[in-house]
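Hi there,

Here is the structure I promised to pass along. Have a look at it first, and then read on for what turned up.

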Amino acid sequence: MNRFTPLSSLCLSERDSDLTVALGDGGRKNWGAFTDDVALLASVLKASPAQTWALAFEDSYLFATAFFACAHAGKSLVLPGNLQTGALTELSIHFDAILHDSRVAAPVGITSVSLPLSDTQSTSSLKLEAFDSLALTLYTSGSSGEPKAIEKSLFQIQEELTQLEAQWGAELEGTHIQSTVSHQHIYGLLFRLLWPLSAGRTFQCHDLVYPEQVVAKADEQTALISSPALLKRMIEPASGQYRAIFSSGGPLPISAAHSSQSCLGALPIEVYGSTETGGIGFRQQSTESTPWHLFSGICAQLDDVGCLQLLSPYIDPDHWYQTADLCELYDNHTFLLKGRADRVVKIEEKRVSLPEIEQRLCQSNWITDAASILHQQDERQIIVAAVVLSAEGEKMLAETGAGKFKLMLRQSLREWLEPIAIPRQWRFVDAIPQNSQGKRQQQAIEALFNRTQ
């Protein structure tokens, strides 16, 4: 077993040069090739006047090469959350140059370097030195869709990786890492890339995209890094089972947790956190009331309205951080999430919880997922809901017609909700709009109700 190694000296560690780092379409990449690739690219970057480099890769091995080459060359890193050319062009005012692979088109007029390098010069004379700082900026889309810059330090990243290894390293020993989430975002960056590299575990170069691929790769020597977006789609059982499954990026319905266990052989470990906060807590959801456990080293308290406040080394170890997450603290280690305070809205002086509306809708056998929002209709505000129907719901809709079916949905909510909180408009959709991180897109949901139906 390889000793867990800090990022700053990872490429200098004395590992077996034949140790497998990554597997992909091009075959196996070993440790010797990886450190040579990092050293060669670092020498190219040192010779460039560009200081801030964007990393835009679909291939995780090439991304890892670029990440460590930039760090060793003393360059600043920018991680766009969206790899579309237009999105990269819009973000280009925040970087000097871009590193990318052949699957990503670099913006016109921006200095770019495509990996792998065609240069075959010897790396024997290229020496890397440990780095003591890391200037890393991630761009993540908020509910408005506007890219938001979040800076991370080497200390914050390293603290979180050390905690992950302490929490689950023994359980994952000897596993290969498969993922359905991108390394361009903090969850994928940590779980599918930096953590395996630090611990000497292999990772796959490309994402799994479809449930069929996830099923096909299930075996005892593999861990899956995933999200609710894909786990909610698991239906067919796999012939094998994963050693462990991680899920983050949004709430995982308990039905999806149980179907994942049934289909893939493991109850998902849910990780709660954000790009801003890093990891906050984790749980394995056996029941709807299964509490969350704080990661070691994090302190929590509630403000006057019941929102969580954190003292965390992944944010600022000396100052409390305010969240908008409503919580109930059981003790110093466990808590229950109760939704977002910014999703509790007022209509006609009454407080309405949008998460509760969604929860009540998803209790129905007719609905598998739901999103509710506050919508402006003429001179008043109303609650509206987009829902994803189950097979039973689709059948009921076809049998009764849309008008009667919507009345039945409204009736089913009256046991739980005040009349003001019951949705006045409905949209039946194949999936709730979300971005590549599994975050719901508020603008896209609102757009569903800006047209007549």
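To start with a single residue: is Asp 36 buried, partly exposed or exposed? Please bear in mind that this is a predicted model. Asp 36 counts as partly exposed, because its relative accessibility is 36%, and partly exposed covers the range between under 20% for buried and over 50% for exposed. The residue belongs to helix α1, which runs over residues 31–46. If you want a sense of distance, try Gln 376: it sits 340 residues from Asp 36 along the chain, and the two C-alpha atoms are 58 Å apart.

Now for the overall picture. The protein has 12 helices and 24 strands. Its C-alpha atoms occupy a box of roughly 75 × 45 × 45 Å along the principal axes. The radius of gyration is 23 Å, which agrees with a compact globule, because one of 453 residues would be expected near 22 Å.

As for the interior, 53% of the 453 residues are buried. Among contacts with a separation of 6 or more, 56% join residues that are 24 or more positions apart.

On the outside, the protein exposes about 20,900 Å², and 48% of that comes from carbon and sulfur atoms. There are 35 positive and 51 negative charges, and the mean positions of these two sets lie 6 Å apart.

Happy to go through any of this with you whenever it suits.

Best wishes

Terms used
Residues are numbered from 1 along each chain as its sequence is written. This is a predicted model: local features need pLDDT of at least 70, side-chain atom pairs count only at pLDDT 80 or more; totals for chains, interfaces and linings use all residues. Side-chain values use heavy atoms; hydrogens and water are left out. Helices (H or I, at least four residues) and strands (E, at least two) are DSSP runs, numbered from the N terminus. The radius of gyration is taken over C-alpha atoms; the globule rule is 2.2 Å times the number of residues to the power 0.38. Buried means under 20% relative accessible area, exposed over 50%, partly exposed in between (1.4 Å probe, protein chains only). Contact means heavy atoms within 4.5 Å. Accessible areas come from the Shrake-Rupley method with a 1.4 Å probe; for residues, only the protein chains shown count as cover. Lys and Arg count as positive and Asp and Glu as negative; His and the chain ends are not counted. The place of a charge is taken as NZ of Lys, CZ of Arg, CG of Asp or CD of Glu.
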